[in-house]
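User: I've just opened this one and I'm new to it. Could you walk me through it?

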Amino acid sequence: MGQRKCWEIKTDCLMRDRARENAGCPAYREGRSCWEVDWREVIRFLPASQQEYWYSHMHKCFSCAVYRVHPEEMQARVDEVKSFYLDD
Ligand code: SF4
C-alpha cells in the first residue's frame, strides 16, 4: 500500500473528494501532500495579506493529524516558511 496523502490522513479535510483543478489548497491541486510542498514557492509571489494568511495558518499544523503522522517532514516545512520570513 502506498503512503497516505494528507487529505486521507486528515479525515475532515475540506478538499476531500473535490475536483483538483480549482481546489483552494495548492497541495491538493497538485496531488501532493502538504509535507511534499515547498510552501515558500507557494507564498513567494502572493500579496502581503495572503502571505500573512498562510503564515498564520501554519500554526494549525501542530495540532493536525498529518503532523502526528509525519512530524519530521512537517516540522521541516514549517521551519522553511519561518526562514522565508526571517530572510526577508
Ligand atoms: S494541505 Fe491540508 S487542506 Fe490541503 S489537502 Fe492536505 S490536509 Fe487538506
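Here are a few questions and answers about the fold, the core and the ligand.

Analyst: Quick note before we start: this is a predicted model, where local features need pLDDT of at least 70, side-chain atom pairs count only at pLDDT 80 or more, and totals for chains, interfaces and linings use all residues. Residues are numbered from 1 along each chain as its sequence is written.

User: What pattern does the protein follow along the sequence?

Analyst: Helices (H or I, at least four residues) and strands (E, at least two) are DSSP runs, numbered from the N terminus. The protein has 6 helices and 0 strands. Read in order, that gives α-α-α-α-α-α.

User: What radius of gyration does the protein have?

Analyst: It's taken over C-alpha atoms, and the globule rule is 2.2 Å times the number of residues to the power 0.38. For 88 residues a compact globule would come out near 12 Å, which agrees with the protein's 13 Å.

User: Which residues surround the ligand?

Analyst: A residue is near a molecule if its C-beta atom, placed from the backbone, lies within 6 Å of it. Helices α1 (6-9) and α2 (26-30) each supply at least two residues of this shell. The full set is C6, W7, K10, C13, M15, C25, A27, Y28, C34 and V66.

User: Which residues is W35 in contact with, leaving aside neighbours within four places in sequence?

Analyst: Contact means C-beta atoms, placed from the backbone, within 7 Å. With those neighbours left out, W35 touches H70, E73, M74 and R77.

Conventions: Contact = placed C-beta atoms within 7 Å.
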